[in-house]
Amino acid sequence: MTIGVCPGSFDPVTNGHRDVIARAAGLFDTLIVVAVTNPNKPGRFGLTERLALLEEACADITADAQAHGRHLEFASAGGLLADFCRDVGAAALVKGLRSGADFEYERSFAAMNSHLAGVDTLFLAASPAYSYLSSSLVFEVSKLGGDVSEFVPPNVLAALRERHGADRRREDAG
Ligand code: ADP
């Protein structure tokens, strides 16, 4: 049984992430999608909420994997990703690449994870429709009142609206 691990901040999960997860799910018997906290990225949603949004947003992909005799699982990891990979016996990590900048960022992590856990990293090219899409872009646009409904799953859209509505009410009150 081959196990893949697809890590990310998913802060929040976008349709670009969903696309990579759906494609990666077809490559392994079990794909574990892992929400992690990146100390270099601003935390927008807490880890528990990010994981809940991610799992709910991928319910259709989970069902589709199951229908094809595969498994999609969700987890969060607080420590080293390399340790997580070793613990679950991962055959490979899977990451989406939108640009050369993504590759430059990811290549050192790939080398380190290979060194620490002997795990290879597979890169999936972002689908053209999502190659400019990031969680930070979606969050900023939504914060300023822009319509991001084409770019995120419905549950994330609702969470963003709630978050920014609450922020605006706080600002108005202050
Ligand atoms: P972000 O860079 O949006 O904060 P994450 O840290 O959650 O995203 O990224 C998790 C993984 O998903 C990374 O490998 C990242 O390159 C990839 N990814 C993010 N957005 C997209 C997208 N629109 N298309 C393909 N891959 C993506």
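## Residues around the ligand

Eighteen residues surround the ligand in this predicted model. Among these 18 residues, the ones that come nearest to the ligand are Phe-10, Lys-41, Gly-96, Arg-98 and Tyr-130. Sorted by class, the shell consists of 7 polar, 6 nonpolar and 5 charged residues.

## Polar contacts and coverage

Two side chains approach oxygen atoms of the ligand. An N or O atom in the side chain of Arg-98 is 2.8 Å from a ligand oxygen, and for the side chain of His-17 the corresponding distance to an oxygen atom of the ligand is 3.0 Å. Arg-98 is also one of the residues that come nearest to the ligand.

Tyr-130, likewise listed among the nearest residues, contributes through its backbone: a backbone N or O atom of Tyr-130 is 2.8 Å from a nitrogen atom of the ligand. On its own, the ligand has 530 Å² of accessible area, and the protein covers 93% of this area.

## The pocket and the elements that form the shell

The ligand takes up the space of the largest pocket. Four elements each give two or more residues to the shell around the ligand: the strands β1 (3-8) and β4 (92-97), and the helices α1 (15-25) and α5 (100-117). Of the shell, α1 supplies the largest share, with 3 residues. His-17, whose side chain has an N or O atom 3.0 Å from a ligand oxygen, falls within the range 15-25 of α1.

## The loop between β1 and α1

Two local backbone features occur in the loop between β1 and α1. Phe-10 is placed in this loop and has a positive phi of about 50°, although Phe-10 is not a glycine. Phe-10 is also among the residues that come nearest to the ligand.

The second feature is a cis peptide bond between Asp-11 and Pro-12, with omega at about 0°. Pro-12, too, is located in the loop between β1 and α1.

## Overall fold of the chain

The chain contains 5 strands and 7 helices. Their order along the sequence gives the pattern β-α-β-α-α-β-α-β-α-β-α-α. With a radius of gyration of 16 Å, close to the 16 Å that the globule rule gives for 174 residues, the chain is therefore as compact as a globular protein of that length.

Along its principal axes, the C-alpha trace of the chain spans about 55 × 35 × 30 Å.

Terms used. Residues numbered from 1 in each chain as written. Predicted model: local features only at pLDDT ≥ 70, side-chain atom pairs only at ≥ 80, totals over all residues. Heavy atoms only, no water. Near = heavy atom within 4 Å. Polar contact = N/O pair within 3.5 Å; in protein donor to acceptor, adjacent residues only side chain to side chain. Areas by Shrake-Rupley, 256 points an atom, 1.4 Å probe, with all protein chains shown as cover. 1 Å grid on protein atoms, 1.4 Å probe; cavity = no way out; pocket = protein on both sides within 12 Å on 5 of 7 lines; lining within 4 Å. Sits in = over half its atoms within 2 Å of the grid points. Nonpolar A, V, L, I, M, F, W, Y, C, P; charged D, E, K, R; others polar. Rg over C-alpha atoms; globule rule 2.2 N^0.38 Å.
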